[in-house]
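I set out to look up a few residues and their surroundings, and then the chain as a whole. My entries follow in the order in which I made them.

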Amino acid sequence: MHRSSDTIATIAAALAKAQVELTNPEKSLVATIRSPFPREADRTFRYAPLSGQRVEVNAAAAPISPASIWDPMRRICGGA
């Protein structure tokens with residue numbers, strides 16, 4: 001197997017491990033999109049604030065060293 005395939009597999013495994021630790025955030029915000037058509041009802045959506053998701057993603061990704069992702073990618077892509 002190529003060395004780059006091993007590296008990509010390592011990166012994929014690390015990202016999959018971090019993804020398992022993520023949970024769906026609470027949808028605490030509400031938005032309403034008004035219909036431009038008189039016969040259609042407005043649409044209301046619930047969504048989670050991005051700030052909460054950023055905190056959760058950072059916590060899950062903390063054990064993954066940035067070097068463990070970027071250093072192999074530089075070797076694969078031939079970067080400095």
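**Entry 1: Phe45.** I began with the exposure of Phe45, bearing in mind that the model is predicted. Phe45 has a relative accessible area of 42%. It counts as partly exposed because this value falls between the 20% limit for buried and the 50% limit for exposed. I located Phe45 in strand S2.

I then asked which residues Phe45 is in contact with, leaving aside its neighbours within four places in sequence. I found Leu29, Val30, Ala31 and Ile33. For Val30 I also looked up the C-alpha to C-alpha distance to Phe45, which is 5.6 Å, with their positions 15 residues apart in sequence.

**Entry 2: the strands.** I next turned to strand S2 itself, which spans residues 43-47. How many of its five residues are buried? The count is zero, and I note S2 as hardly covered. Strand S1, residues 29-33, pairs with S2 in the antiparallel sense, and I recorded five bridges for this pairing. Within the pair, Leu29 stands opposite Tyr47 of S2.

**Entry 3: Ser28.** I looked up Ser28 and placed it in the loop between helix H1 (3-20) and S1. Its relative accessible area is 44%, and I entered Ser28 as partly exposed. Setting aside neighbours within four places in sequence, I listed Tyr47, Ala48 and Pro49 as the contacts of Ser28. Ser28 and Tyr47 are 19 residues apart along the chain, and I read 6.3 Å between their C-alpha atoms.

**Entry 4: the loop between S1 and S2.** In this loop I found Ser35. A polar atom of the Ser35 side chain lies 3.1 Å from the backbone nitrogen of Phe37. Beyond its neighbours within four places in sequence, Ser35 is in contact with Glu40, Ala41 and Asp42.

**Entry 5: the salt bridge.** I searched for salt bridges and obtained a count of one. It joins the side chains of Asp42 and Arg34, with an N to O distance of 2.7 Å. The pair qualifies because 2.7 Å is within the 4 Å limit between a side-chain nitrogen of Arg and a carboxyl oxygen of Asp.

Are the partners buried or exposed? Arg34, at 62% relative accessibility, counts as exposed because the value is over 50%. Asp42 has a relative accessible area of 35%, and I entered it as partly exposed. Asp42 thus appears twice in my notes, as the salt-bridge partner of Arg34 and as a contact of Ser35.

**Entry 6: the chain as a whole.** I finished with the totals. The protein chain holds three helices and two strands, and I read the order of its elements from the N terminus as α-β-β-α-α. What percentage of its 80 residues counts as buried? I noted 11%.

The exposed area of the protein chain is about 6,800 Å². Carbon and sulfur atoms supply 59% of that area. For contacts in the chain with a separation of 6 or more, I recorded that 40% are between residues 24 or more positions apart.

Definitions and conventions: Residues numbered from 1 in each chain as written. Predicted model: local features only at pLDDT ≥ 70, side-chain atom pairs only at ≥ 80, totals over all residues. Heavy atoms only, no water. Buried < 20%, exposed > 50% of the residue type's maximum accessible area, 1.4 Å probe, protein only. Helix = DSSP H or I, 4+ residues; strand = E, 2+ residues; numbered from the N terminus. Pairing = 2+ DSSP bridges. Contact = heavy atoms within 4.5 Å. Areas by Shrake-Rupley, 256 points an atom, 1.4 Å probe, with all protein chains shown as cover. Polar contact = N/O pair within 3.5 Å; in protein donor to acceptor, adjacent residues only side chain to side chain.
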